[in-house]
Structure formats: C-alpha cells, structure tokens
Amino acid sequence: MEGMEQWKDQLEQLKIQLEPWKIQLEQWLHQAIEYLDQIPPIQLYAAIAVLFISTLLLFSIRLFKRTKSNTIVLTGLSGSGKTVLFYVLRDGSSHQGTVTSMEPNEGTFVLNSESNKKGKIKPVHIVDVPGHSRLRPKLDEFLPQAAGIVFVVDAVEFLPSCPSVSEYLYDILTKASVVKKKIPVLICCNKSDKVTAHTKEFIRKQIEKEIEKLRASRSAISAADISNDFTLGVSGEVFSFTQCRNAVTVADASGLKGEVAQAHGRPLNLKEKSREEDFDSD
C-alpha cells in the first residue's frame, strides 16, 4: 500500500510540473488557429499544395539516388568502331557495312554473351554516342545517367589520331558529371586483331603522355582551367591514369570478329576492381 501511495504522489507531482507546458501549448495552438483564420482560403490551400509537392519532390530525389543506373555509354572518335561494338554487344553480329552514326544508337537489352546463361540476367542500357566533333555535345545528355563509359580507340590508326583521342578523353575525365560520380572509364582498344594494331600498353602510355602535355598547355592558358570542370593529375607529378578520381582501365577488343570478351563484363564492374589490377605492368 505504501508503494502505491508513493507512486500516486509521484504521478501528482509530474502533473503539476507538466501543467505550465500544457498551458503554453494551448496558448500556441490558440494563436495558430487565429493566424490560420486570418489567411484567405486560397493562400492556405496554395501553401499546403506547395508543402505537399516539396515533400513529394524530396522523396523522389532520394528514391532516384538510391536507384542504380544500368546505362553504359559508348564514345570515342568517329570511325573508331563504336557502332560495330554496339551491334556485337546486342546481337553478336558486327553488322558489316554500317556507316558512321549521326544520331545516338540506344537500346536496353541482355548482352548477347549473357543470353544463354541460366538464371535471371539483368538487361543493360547501351548508348552509342556519335564521335563527330560537332555531335559530341550529345554526350552530356547521357553522362548524368551513366554507370560506366566505354571510350573506343582505333588501335590500328591510333598514332595519327592520338592527339585528338587524348584531348577528347581529357575533356571527358575532367567533366564534373564524371568526376563527382566517379564514373568508371574503360579505354577499349578496338581492331586489336589486326597485325598493325598497337598494344593496349602502348596506347595507354601514349595517351598519358599526351594528357600530360594538355595539362601543361591548358594550365598555362588559364590557372583555373576554364574549359573544364576539374583538373587532372597531381601537381608536380607526371600524369598517370592511376591519379584519376575514377577508375580508368584499358582492354583489347575486335568488333568485326566479335572478340569483345575483355570488354563485356568490365563496364558495370569497374568500381569493384582496383586500378593496379587493371593496368598491366610496364
């Protein structure tokens, strides 16, 4: 009985302590009701609508951020073989006779190499962006949704095009949409089956040398590097792809022969591999 009495006394004291808060809350509620009564109904409904839409928008943005992208962007200079690779990945056929694309080729499909595997295979959204200099701005339309970038290089005609290849790749690697999201980049050395094709190690080294030159020339023009969102490399060190904030890897491929095994699984899995594992030793 004594315990029950003590419990009742404590409860009574708690009620007394909470009484000022109760009075204050009632005053605030009364003031809020008076304030709302003074607002015209149209303004009140508009405010509620704005609050609802804002909440819905924030929820949608958070939901979108949690959704993993399955978009792989194929890009590179015109004539490097992007469109052939697109068809090989989709159909397993090179579609010989295809011409240089003037509009993006786009499709969502299960990679041809995965089509015979058992179990549930997730489709991939592949976009082949034209490589002509006047059409490159189209690339910016797809980069925000990209999970990976495949930069196609003609391994046979590489030396004459090396400066242009390196400049285009430099522009991609310094874009804010690529750097901030750390979108992995695969340099795909196409036509590697040809006798006159350069090795992927040679191509990597030459591109790194050209990018080093670009770093020096562009920083001399403007310390802020106005034409690009981010700068590449480490100050005072010779440029290497290992210095990039996103993973950059190199692989061989042959679109016309359908030999794209090295490139098939890499675009979506680049984030899981270290840069050191992907680069062959010099």
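Is F158 buried or exposed? F158 is buried, at a relative accessible area of 0%, where buried means under 20%, exposed over 50% and partly exposed anything in between (1.4 Å probe, protein chains only). A quick note before the views: this is a predicted model, so local features need pLDDT of at least 70 and side-chain atom pairs count only at pLDDT 80 or more, while totals for chains, interfaces and linings use all residues. Residues are numbered from 1 along each chain as its sequence is written, and side-chain values use heavy atoms, with hydrogens and water left out.

**View A. F86 and Y87 pair up as aromatic rings.** The structure holds 5 aromatic pairs, counted for rings of Phe, Tyr and Trp (its six-membered ring) with centres within 6.5 Å; planes under 30 degrees apart are stacked, over 60 edge-to-face and the rest tilted. The F86 and Y87 centres sit 5.5 Å apart with planes at 75 degrees, so this pair goes down as edge-to-face. F86 is buried at 2% relative accessible area, and Y87 is buried too, at 16%. Add F109 and you have one aromatic cluster of F86, Y87 and F109.

**View B. F158 meets F202 across helices α5 and α7.** Here the ring centres are 6.3 Å apart and the planes stand at 80 degrees, so F158 and F202 are edge-to-face. The two residues are 44 apart in the chain, so to speak distant parts that the pair links. Helices here are DSSP runs (H or I, at least four residues) and strands are runs of E (at least two), numbered from the N terminus. While F158 is buried, F202 is partly exposed at 29%.

**View C. K175 and D140 form a salt bridge.** The rule asks for a side-chain nitrogen of Lys or Arg within 4 Å of a carboxyl oxygen of Asp or Glu, and the count comes to 5 salt bridges. For K175 and D140 the N to O distance is 3.0 Å. K175 is in the loop between α5 (158–173) and α6 (176–179), and D140 is in helix α4 (residues 139–142), 35 residues apart. D140 is partly exposed, with 41% relative accessible area.

**View D. K191 and D154 form a salt bridge.** The N to O distance is 2.8 Å. K191 lies in the loop between β5 (185–190) and α7 (200–221) and D154 in strand β4 (residues 146–154), so the bridge ties together parts 37 residues apart in sequence. K191 is partly exposed at 25%, whereas D154 is buried at 11%.

**View E. E210 and K213 form a salt bridge within helix α7.** Their N to O distance is 3.5 Å, and they are 3 residues apart, about one turn of the helix. E210 counts as buried at 19% relative accessibility, while K213 counts as exposed at 53%. Leaving aside neighbours within four places in sequence, E210 is in contact (heavy atoms within 4.5 Å) with C162, P163 and S166.

**View F. L11, L14, L18 and W21 make a nonpolar surface patch.** The patch covers about 410 Å², with areas from the Shrake-Rupley method (1.4 Å probe; for residues, only the protein chains shown count as cover). Patch members have over 30% relative accessible area and no salt bridge; like charges are joined within 9 Å, nonpolar side chains (Val, Leu, Ile, Met, Phe, Trp, Tyr) within 5 Å. L11 sits in helix α1 (residues 2–38) and counts as partly exposed at 34%.
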